[in-house]
Amino acid sequence: MNRRHSATAAITVACALTVLGTSMQTAYAAPLPPPPPKKSLEEVRKEIDGLYRKAAVATDAYNLAEERAEQQSAEIVRLAKAIVAGQARIDDLKARAGAAARAQYRGGGLPPEAQLVLTDDPQLFLDGAGRIRQGQKATKDLIAELTRTQGELRTYTKDASTEWTKLEANRVRQAKAKKDINDKIAAAKKLESQLEAAELARLLKLEEQEQYKKQTAWLKSGVLKGLKGATTEQGKAAVAFATKQIGKPYVWGAEGPGSYDCSGLTQSAWAAAGRGIPRTSQEQWRLLPRVDIKDMRPGDLIIYYKDASHVGMYVGGGAMVHAPRPGRNVTMAGAGSMEILGVVRPAS
């Protein structure tokens with residue numbers, strides 16, 4: 001009885017300790033961290049806008065790498081053709097040199113000068129002397145041309161190797177930029193997907209309000225006072241093309257005809273007007289002539305943000321047409337609705 005009582009008591013104590021331990025663990029467990037504060041819709045708007053801005057910068061990098069890769073590919077093709085032509089020329093020159101050597105061999109191995117001395121005919125001597133001089137010059141020219149062609153061939157080969165190295169480097173840049181673009185767009189879309197339909201509508205309203213606020217301030221500054229609005233025939237053609245694209249979707253890297261990115265639209269519009277311009281907004285800003293806003297006219301390109309990552313075409317009346325960003329279509333907007341870096345003019 002004592003052993004049975006002791007065993008029962010031991011089991012009771014063990015159970016009590018287990019319950020007590022569990023209670024103590026529950027009582028002293030670290031509290032869960034509070035959930036992060038919910039971002040305001042304005043904060044979400046700024047974050048999404050920032051992601052799309054970074055995607056635009058990466059798009060410029062992608063477009064520039066693509067343009068340079070295309071130029072390098074064309075240069076490699078040109079150099080390859082030059083190498084083939086140069087090799088054919090060398091083969092021809094060597095054949096001619098071989099023919100001259102064989103002719104000398106058929107003459108008994110004597111050089112023309114020695115054969116001439118042995119003749120007794122004065123007229124034949126004079127005629128032969130003239131031919132020898134001509135032959136010597138032809139041989140000298142042949143050797144010089146062969147040497148020059150061989151040098152050109154070495155240069156072409158070296159240049160082709162250099163262009164190939166550049167091409168590969170730009171392909172790497174393209175791949176990196178493409179990944180950056182897709183990552184930023186995916187992050188922005190994820191943020192948008194977490195919003196309710198009413199919040200998305202409100203988000204769009206906030207975007208419009210922000211643009212309206214900036215446009216109103218820009219117009220009130222008097223920046224458009226004195227603008228004549230006149231433009232060239234080329235400018236009119238570029239504006240006509242750009243405005244016809246309104247409603248088509250923004251797609252990064254696109255140059256039309258079904259979709260565009262911002263610089264793809266402006267480049268295509270000016271190409272339609274007969275003027276080739278750089279592919280990216282940054283290169284358009286860097287290479288095209290700059291004009292003051294007070295001298296702006298329809299067809300001019302307005303470059304936006306300090307990093308020149310966006311571009312639109314001024315169409316008059318304080319408005320511009322542009323391809324805004326992924327998820328938006330080509331549209332008309334206030335020219336001052338974004339931070340203006342400056343204005344460039346594709347054609348005088």
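A residue is taken as buried when its relative accessible area is under 20%. In the predicted model, 35% of the 348 residues of the protein chain count as buried by this criterion. The surface exposed by the protein chain amounts to about 21100 Å², and 59% of this area is supplied by carbon and sulfur atoms. Among contacts between residues at least 6 apart in sequence, 68% join residues at least 24 apart.

The secondary structure of the protein chain comprises eight helices and six strands. Read from the N terminus, the order of elements is α-α-α-α-α-α-α-α-β-β-β-β-β-β.

The six strands form an open sheet with antiparallel pairing, arranged in the order β1-β6-β2-β3-β4-β5. The edges are occupied by β1 (290-291) and β5 (331-334); each has a single partner strand, and therefore one side of each is left without a neighbour in the sheet. In general, strands of a sheet pair through backbone hydrogen bonds, in either a parallel or an antiparallel manner.

Within the sheet, strand β2 (residues 301-304) is paired with strand β3 (residues 310-316) through four bridges, in the antiparallel sense. In this pairing, the residue opposite I302 is G312 in β3. Helix α7 (residues 262-272) packs on the sheet, where it touches β2, β3 and β4 (319-322). The direction of helix α7 makes an angle of about 45° with that of β3. Strand β3 is thus described both by its pairing with β2 and by its contact with helix α7.

How values were computed
Residues are numbered from 1 along each chain as its sequence is written. This is a predicted model: local features need pLDDT of at least 70, side-chain atom pairs count only at pLDDT 80 or more; totals for chains, interfaces and linings use all residues. Side-chain values use heavy atoms; hydrogens and water are left out. Two strands pair if DSSP finds at least two bridges between them. Helices (H or I, at least four residues) and strands (E, at least two) are DSSP runs, numbered from the N terminus. Contact means heavy atoms within 4.5 Å. Axes are lines fitted to C-alpha atoms, for helices over the stretch in contact, and angles run from 0 to 180 degrees between N-to-C directions. Buried means under 20% relative accessible area, exposed over 50%, partly exposed in between (1.4 Å probe, protein chains only). Accessible areas come from the Shrake-Rupley method with a 1.4 Å probe; for residues, only the protein chains shown count as cover.
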